[in-house]
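Q: Could you take me through one part of this protein in close detail, a single strand and what surrounds it? I'd like to follow along at the bench.

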Amino acid sequence: MQKFDFLVIESGAARADAVLSALHFLGYRPQHAADCQSVDESTHDWRAVYIGGVEDEAAAERQLALLGDAAHHVPVLVAADAALATRLVKTISPSVARVATVEFPLRYEQVAEALRSLSARLLGGPAGALRFVGNSAPMVRVNALIRQVAPFDSTVLVLGESGTGKEMVARAIHEHSARRDKPFVAINCGAIPAELLESELFGHEKGSFTGAISARKGRFELAEGGTLFLDEIGDMSLSMQVKLLRVLQERVYERVGGSKTQRCDVRIIAATHRNLEQSIAEGRFREDLFYRLSVFPLELPALRERLGDLPLLIEEFNQRLARRGLGVARFSAGAMQTLREHAWPGNVRELANLVERMAILCPHGEVRASELPQKYRHEPVGEEAPGAALLALMEGGRAPAGAAAMQPVDEAQRLLPENGIDLKDHLADIEVGLIRQALDVTGGVVAHAARLLHMQRTTLVEKLRKYGLQANGLAA
């Protein structure tokens, strides 16, 4: 069963519909508090709450109680013109960092920006500061750990799968530390050949090896006073591990080919996607280096473990695309549902790539489930008829010889899923698919496609605008 994640307390029917629609559009699963008599963990996973018009204060307080323990940490949106709502907010959220206001008439961009701003403030920095996006329970823990370790110079070991944002965490720690005004220097230990890594880390003197035509500073020297991020530390050779261990223990090093000992004042943050304890058992990683690095281990959850953050992450990526002058990707409820069913092996990096791809392909309309790349479609869909067969069928004739036949719908696919279905969105997906097929068959000629679809040309043009398909340069 699909869990609700956004509680909406609003006595005005029109306003409640507006808020619910905006949240649905942003990919949340909101529930009107008036429809929620009791909750348990099987039906809710609260990420935030909206409080607006309140006619019955006692009823509103009962509705707030539905949040349970979540009331002490979830973000709160409050209607700017609702005085009683503002008073109620103070009873559950004395911290202004967890509260943002919205104004009516409501716009989804305003709601998205308010939630993005809340996410930034909950990390502990200003709205414009670097932030690690997410309001899910795993990310609340990660952000809390970042805040706790940032003020100290303790060595941090960031663990997590590829694409989870390990470098972002390292940058967040640096930006919230006393070293924020000093350099942040990153190096991927797995991307540099072993014979060159020593020079990259410690620098070299002129003539120390073939090609060393001048002296060069290493990453330790460049990061002096700041933070050095050693990414993919698990791929470092054993010989380099010995040299790194000496620097961590004694805080001194020499350039390659040099004899002058240099002291360093650098905070080390290391990261790996590998299981270092298993690497130790296999003799590929030094145990003493592991314990030197693992003073403060911080493990990042995979995206599949924090799917509740999908709407916020998508909005964050849209903000970045907008700053680059690109369009944005808006996903329909059906598309969001199928994205939640994806395994996300590439984690947040994979999601960022998908958002940018869909922003390019569908810059003016909603991205529907049928428009997602094939590997992201996890709902069973009927097979599309090939062009020739579709043309014949839509004109009321027989499919030409050799054309693939329309496959009958399996009876199992006729059954309503256990968690229900958004019928409006599902039918819109079917409509978009048929329109695209008709346009493909007719070479993009709208008038011909309209005839195949048995509708007026002007009606088809309106549907193209509605679904954002008019930007494909189709001939009229």
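**A close look at strand 8**

A: Happily! Strand 8 (residues 227-231) is mostly covered, with five of its five residues buried, where buried means under 20% relative accessible area, exposed over 50% and partly exposed in between (1.4 Å probe, protein chains only). Strands here are DSSP runs (E, at least two residues), numbered from the N terminus.

Before going on, please note that this is a predicted model, in which local features need pLDDT of at least 70, side-chain atom pairs count only at pLDDT 80 or more, and totals for chains, interfaces and linings use all residues. Residues are numbered from 1 along each chain as its sequence is written, and side-chain values use heavy atoms, leaving out hydrogens and water.

Now to the two faces. In a regular strand the side chains alternate between the two faces of the sheet. In strand 8 both faces are covered: T227, F229 and D231 are buried on one side, and L228 and L230 are buried on the other.

Next, the neighbours; two strands pair if DSSP finds at least two bridges between them. Strand 7 (residues 184-188) runs parallel to strand 8 and is joined to it by five bridges. Strand 11 (residues 267-272) also runs parallel to strand 8, with four bridges joining the two.

L230 is a handy residue to follow through these pairings. L230 of strand 8 is the bridge partner of I187, and in strand 11 the bridge partner of L230 is A270. L230 is also one of the buried residues described above.
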